Amino acid sequence: MPSCTRAAVGCLLSIVPTSSIVLATSGYTPCPPLMELPCDGSTTGGSSGEGPGPCGCGIGQWIVKVPPPRLDPPLPLAEDRSLHEGLVSWVWSTRATAQPELAMASLTVRGRSNMWAAGSFSRYSLAHYMSSRREIWSGGFPACPRLLSLAAVGGATLHISASTAARQGCSAFASAATSGACSSLGLANASIEDLAIAGSVGYDEAANAFDVSGNFGPLVEVFNDSVEGSLSANSSWSTSGVGSHSGSASVTVRPDRLYCAFTNRPYVARAAGQAIAGGAGSVDHNGSASWSSMAIISLSVQ
């Protein structure tokens, strides 16, 4: 995070009344209105030469402003409840947390049939955040350049599992999804677009086997311009024995999402993310079903 200083590195200020807009012209040319000398040595924005060099700029300072973030839920949410629908019982647990740079949602459900009764149930958990900060010049222009370094960081993690007993009418479905983006100057930005996994397990009494479909396969690579990672492959099959399967996904922001320059450009850093965990299931014939899902996303510009 850049610090607020009266004069940035490389600026020579004249001693003048602060009410005036005065440039330090003692042997120095005025700084360009938008000066930018990238850390790799290339030049843009009207600056030239091998090094930053001093230039004349106004009297003032850089100020960081951070407005209140938008969070949903505004406070961490934890719910543990149960429901009895006749001879069918359901027990569930939901969690949701939103912070300025993180959203987390999770869900766990268990259901059971008694006396051959049938029932179904669905639930979801949601959390999201939106936050920003900006650095602006307060004082005489042109603004003084300073060394500015910004990096997009973060990632996302998903997990699902679904399980049923070998009974007719028993099924379980779980899903988890995240999406979000962070942005600022140059390459200091990243996005996670609709990263999602979902899967279901159901018992087929005619085949005496479990039908399985969704992201329960081996891990495969995920790679794009801003993030990299892996997720469980999507597939479908039938299996006997155990009606329980799980899948996952995990991505992180690539390390090259950076901006570094000796510059007098102002900046705005924005970040937003959403996490959803959900699922549904049914029970019958004295059977049981359970599922769980979790989604976490964290994206920010530091």
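Where is Arg257 found? Keep that residue in mind; the tour comes back to it after a look around the whole chain.

**Whole chain**

Begin with the cartoon view of this predicted model. Colour by secondary structure and you will see 18 strands and 0 helices. The chain has 302 residues, and buried ones make up 42% of them. If you draw contacts between residues at least 6 apart in sequence, 74% of them join residues at least 24 apart.

**Arg257**

Now select Arg257, which sits in the loop between strand S15 (244–253) and strand S16 (258–263). Arg257 is buried, yet it has no salt bridge. The nearest side chain of opposite charge belongs to Asp256, 4.6 Å away. That distance falls outside the 4 Å cut-off for a salt bridge.

What does the side chain of Arg257 reach at 3.4 Å? Show the backbone oxygen of Asp225 and you have the partner. Then add Leu187: its backbone oxygen lies 3.4 Å from a polar atom of the Arg257 side chain. To see the wider surroundings, leave aside neighbours within four places in sequence and display the contacts of Arg257, among them Leu150, Ala151, Ala152, Ala188, Asn189 and Ser226.

**Nonpolar cores**

Leu150 makes a handy bridge to the next stop, since it is in contact with Arg257 and is also among the residues with the most contacts inside the largest nonpolar core. Select Trp90, Ile192, Trp291 and Ile297 alongside Leu150 to complete that group. The core as a whole has 54 residues. Which strand gives the most to this core? Highlight S8, residues 146–164, which contributes 7 residues. A second core, separate from this one, has 10 residues; Met35, Cys57, Ala143 and Cys144 are included in it.

**Glu36 and its partners**

Move to strand S1 and pick Glu36. Is Glu36 buried or exposed? With a relative accessible area of 13%, Glu36 is buried. Show its side chain together with that of Tyr259, and you will find a polar contact of 2.4 Å. Next add Arg265, which forms a salt bridge with Glu36, with the closest N and O atoms 3.0 Å apart. Glu36 lies in strand S1 and Arg265 in the loop between S16 and strand S17 (267–283), so this pair ties together parts that are 229 residues apart in sequence. Arg265 counts as partly exposed, at 28% relative accessibility.

**Other salt bridges**

The structure holds 5 salt bridges, so there is more to visit. Select Arg146 and Glu135: they form a salt bridge whose closest N and O atoms are 2.5 Å apart. Arg146 belongs to strand S8 and Glu135 to strand S7 (residues 119–139), with their positions 11 residues apart in sequence. Arg146 is buried, at a relative accessible area of 6%, and Glu135 is buried too, at 0%.

For another salt bridge, go to Glu79 and Arg81, where the N to O distance is 3.6 Å. Glu79 counts as partly exposed at 26% relative accessibility, and Arg81 counts as partly exposed at 47%.

**Hairpins and strand pairs**

Stay in this part of the sequence and select strand S4 (residues 77–85) with strand S5 (residues 88–99). The two run antiparallel and are joined by 9 bridges. Leu77 has Ala96 in S5 as its bridge partner. Between the strands of this hairpin are 2 residues, and Gly86 takes a positive phi near 65°.

Now turn to strand S10 (residues 190–204) and strand S11 (residues 209–214), an antiparallel pair joined by 6 bridges. Their hairpin has 4 residues between the strands, and Asn208 takes a positive phi near 50°. Which residue in S11 stands opposite Gly199? Click on Gly214 to see it. From there, move across to strand S14 (residues 235–239), which runs antiparallel to S11 and is joined to it by 5 bridges. In S14, Ser235 is the bridge partner of Gly214.

**Last stop: Pro54**

Finish with Pro54, in the loop between strand S1 (36–38) and strand S2 (60–65). Pro54 is partly exposed, with a relative accessible area of 41%. Select the C-alpha atoms of Pro54 and Cys31: these residues are 23 apart along the chain, and the atoms are separated by 8.4 Å.

Technical notes: Residues numbered from 1 in each chain as written. Predicted model: local features only at pLDDT ≥ 70, side-chain atom pairs only at ≥ 80, totals over all residues. Heavy atoms only, no water. Core = buried A, V, L, I, M, F, W, Y, C linked by side-chain atoms within 4.5 Å. Buried < 20%, exposed > 50% of the residue type's maximum accessible area, 1.4 Å probe, protein only. Pairing = 2+ DSSP bridges. Lys, Arg positive; Asp, Glu negative; His and termini not counted. Polar contact = N/O pair within 3.5 Å; in protein donor to acceptor, adjacent residues only side chain to side chain. Contact = heavy atoms within 4.5 Å.
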